[in-house]
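I opened this entry to keep track of what I looked up, beginning with one residue and working outwards to the whole chain.

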Amino acid sequence: MTGDVTVLPSEVLNTTRDIQAPSGLTNLSPPSLCLGRESALRWIRRTLADDGDSGIRQIPTVHGLGGVGKTTLALAYAHRRRQDYTLVWWITADSPASIERSLADLALRLYPSWASSASQSEKAAWAMTWLQWHPGWLLVFDNVEDTTDLRPYIGSMNAGHHLVTSRRAIGWPPTNRTYSLGVLAPDEATELVCTYALDGAPANPHQLRDARALAADLGYLPLALEQAGSYLQQHTTIGIAEYRRRLDTKLDKAAEGIDPERTIARIWMQSLRALTARNPLAVTILHILAWLAPDDVPITLLAATDADSDDLHEAIGLLRAYSLANVTRDTVSVHRLVQTVLRRSAMAEAAHHPRGRREAEQALTGALTSLSKPVAGSARQWDALLPHLIALASNTSPGIIDEATATLYDTAAEYLHRQGFEARAIPLYKATLSHLEEKLGDTHVDTLVGRNNLAGAYWTAGDLQRALPLLKTTFTQSKQVLGDTHPTTLTIGNSLACTYESAGDLPRATSLFKSILTQSEQALGHAHPNTLNIRNNLAHAYETAGNLARAIPLYKETLTQRERALGATHPGTLLTRNNLAGAYRLAGNLLKAIPLLESTLAEREQVHGETHTLTLTSRNNLALAYEEFGDLDRAIQLLEETLTERVRILGEMHPETLASHSNLAHAYASAGDTTRAIAIYESALARREMLLGHTHPDTLLSRINLAAEYVQSGRVAEGFSALREALSQCEETLGGRHPHTLNCRNNLASAYSSSGALRQAISLFEDNCANFAKILGRTSPITLLSRINLGCAYMEDGDPNRAIAILKPSFIDCERILGSTHHYTMTSRVNLAHAYSMTDRLAQAIPLFESDLILSSATQGDTHVNTFTSCRRLADAYRMAGDFPRAVALHETALAQCEQIFGDTHTDTLASRNNLVEVYRLAGEFAQAISLGEESLAQFEQILGDTHVHTLTLRNNLAAAYASAGDFARAIPLYETALVQCEQILGAKHSHTLTCRNNLTRAIRQQRVKNARGGLS
């Protein structure tokens, strides 16, 4: 124990053998919430059950950073296995005195009449002797500070189990089997925050998103999560998002009822005081690490300090021993909250010269200035150190940046911009701008350029709420200081117009582009590269607004000028050619778009090489055109190749790689492979949330696409929930008139429509039509599509006349503005024809269906899936009109096309056979109907199953063919079989069931009539 050995009288010693512990005796505190620790709990159990090869009982020793949940884990184990032990006793083990005090408390519980008057050392000695006599107990030694403190106890008490927790990772004897306890997984961490903060109530999607972000901010550290959750539970007027914004001030604040000394900040400061007394250099190194990125700090970077190499490695080893750092052979990592606490403490002590910051800055400056400046491609040594430079810039206060560091920030930001990671450079741009403002003033041209660069990074990151005000201010200042036609002013104006376009404010974007284009033409000339760039961007704004009548001629004009001024293979020329092809694609003119995209790809491969990012962009765009053309095999192959190359060259987390993931998912969805599409959409969304944040426009678009695919795949409830959440985020972040918001509202309306909630769908479609018309104009392609969707919803709601009133002018506008073969025109033509069919106006419907078939065949070929669909639609219209010869001929053609496109066993092929069986019957060709029906039924049963809805329909149609041929002996049993199966599978009131029942009744009646006539004769 703490001093000399304590000798007890013999009569007292005898009681240690005779006194029995009451059943279930324990001093455990109530259990805390322990999530995500099942594997650790199983490890403790296995270790305690394993006596080892030598027969010596193993002692599970859980170590880790303060606050990682070691005590919670041990307490959870003790409570779970409490029934396995005669006694479970918790021992506070941060010092020898604490251990002795806990053992003395055990004596007081077991032998109160004697222990109440005994000294603490006597009580502890009695408890140890009692434990030696009685087996089957569990002792938990919590928070051991010094591994040697346990020696007097572990060796002499072996009749039960010991469980140890400690921050010390090393220095344990062989009998102690160690387990490094890490932070929680993101899902469990989020659940822990929500459980405490919401007091067990279910989290809504918004709260869940904020809780996930808070958990990430807290580094998934259990104590920090519990501390935050409890604080939020007590302060219900403070939301999770607000707590995040004020996180630095909350780390040493505990909710009422929680020990103030158990806050994250105070726990770690206690560790630092102990470490300072033992090795001051270790604390110095920790303060340097606080200003760098939390993960993978090269030890060579720390070697730049003045410390002796052996002393440095010894100090790093001690940080590992105290679980304050994870150490590999070459790197050191520190938990981000440890860094936060240290930085806050250092800033409080000396805001202008916080401890460790200057040393971190000097180490990075020395390491990076010794490297060559990154001029092209990827520079691995820079890549390794960039996270630490960005972390340093993120925690920079005004007035403490020297010239060398500011130059490094600028160089690194430029490098990240070239690599396509401009959003990562925001802290670098901010620090550089702060330095320029202090050094040169608020309106110096370099300061204005620095402010434009920062706004551009915000724009890339999707943070339009910061980008727009900053660009507006900078543009105004630049005009005042430099004049309207200065190149810098024009560049900033171009950035502002691009940002207006991204924000969905297309009238402002277009107006500003036109204004600065005029000024650029006057100041720089019509053929100046900057003028051509602005003209290209104006064309793009027209394209975004759906004004293709202006976009395409302007692209063509810009392309001609760029070819003349820059050459046919200049990157700017190829960019405009790519944009022109994209406008053709949007206009539905794939016969012009695809050759232009193919030639642009070939030229980029020749100029830039096959793996250049611009070449990959061309390959991606060509794949999208192939997809729209219906050539899904070529599209998917090209998208898969592009994704593979982007992963290899740019990395998994590059924005363009994530765009490739989304495009590939869309292509799989178009091909009907919803399982693969959803898996890729989910992966892309998770990565975009991690890289760009939850409210970036690209992240929101991923969320919309995934939700829409959930609905398409039948996961309707999940899809509705995700769409509503996405719409709420779009409205909150981007505004109600942003294209993403309107797109999400359109998807939600479509989901309502497909689920039968047509009133809600129509209401949303009507709102969207009004918004699109107001923002983009009544005849914009997007507005036209919205009008078509509204008309279709009215048609599905059983109001074909109202549908016709909307679809007819929409079709006329589409044909006039977009051309007869644009897919919006084709869609409106077909839907208008369907609406006419619903009102028995087949004389008006059939010419539209005929035009649809002719145009599909001409633009996409006879074997294209769209042509097959058009053929089947027209055949159905002929059938409805009673023109059975033409209906039969077309259905035979459709079946032949289907077999050629999809094969004999595809569901569309089977459906075509079923349709032809029915048309043969209606045309009076009973023998052919019966022959094809019998042959097809065997296939349906084999491929789809005996009770599939298509099988049931075919069985009904075949029975009808038998009945029409007068073969009631085969018709009635088949109807009876079909009816029983329809009732079992679809229910008694399903339309298929009712049809089958009516057909059976009619067949029985017809058989009776036939038999009666036979009797009369």
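I started with the contacts of Ser166 in this predicted model, and, leaving aside neighbours within four places in sequence, I found Ser166 in contact with Val62, His63, Gly64, Lys70, Val144 and Trp172. I then asked whether Ser166 is buried or exposed. Its relative accessible area is 0%, and since buried means under 20%, I noted Ser166 as buried.

Next I placed the residue in its secondary structure: Ser166 lies in strand E5, which spans residues 161-166 and pairs in the parallel sense with strand E2 (residues 59-63) over three bridges. On looking up Val62, I found that its bridge partner in E5 is Thr165.

I followed the pairing outwards and recorded an open sheet of six strands, in the order E1-E3-E4-E5-E2-E6, with parallel pairing. Strand E1 (25-26) and strand E6 (176-180) stand at the edges and have a single partner strand each, so one side of each is left without a neighbour in the sheet. I also noted helix H4 (residues 96-110), which lies across E1, strand E3 (87-92) and strand E4 (137-144) and runs at about 145 degrees to E3.

Last, I took down the totals for the protein, which has 47 helices and nine strands, and in which buried residues make up 51% of the 1017 residues. Among contacts between residues at least 6 apart in sequence, 62% join residues at least 24 apart. I entered about 44000 Å² as the exposed area, with carbon and sulfur atoms supplying 50% of it.

Terms used: Residues numbered from 1 in each chain as written. Predicted model: local features only at pLDDT ≥ 70, side-chain atom pairs only at ≥ 80, totals over all residues. Heavy atoms only, no water. Pairing = 2+ DSSP bridges. Helix = DSSP H or I, 4+ residues; strand = E, 2+ residues; numbered from the N terminus. Contact = heavy atoms within 4.5 Å. Axes fitted to C-alpha atoms, helices over the stretch in contact; angles between N-to-C directions. Buried < 20%, exposed > 50% of the residue type's maximum accessible area, 1.4 Å probe, protein only. Areas by Shrake-Rupley, 256 points an atom, 1.4 Å probe, with all protein chains shown as cover.
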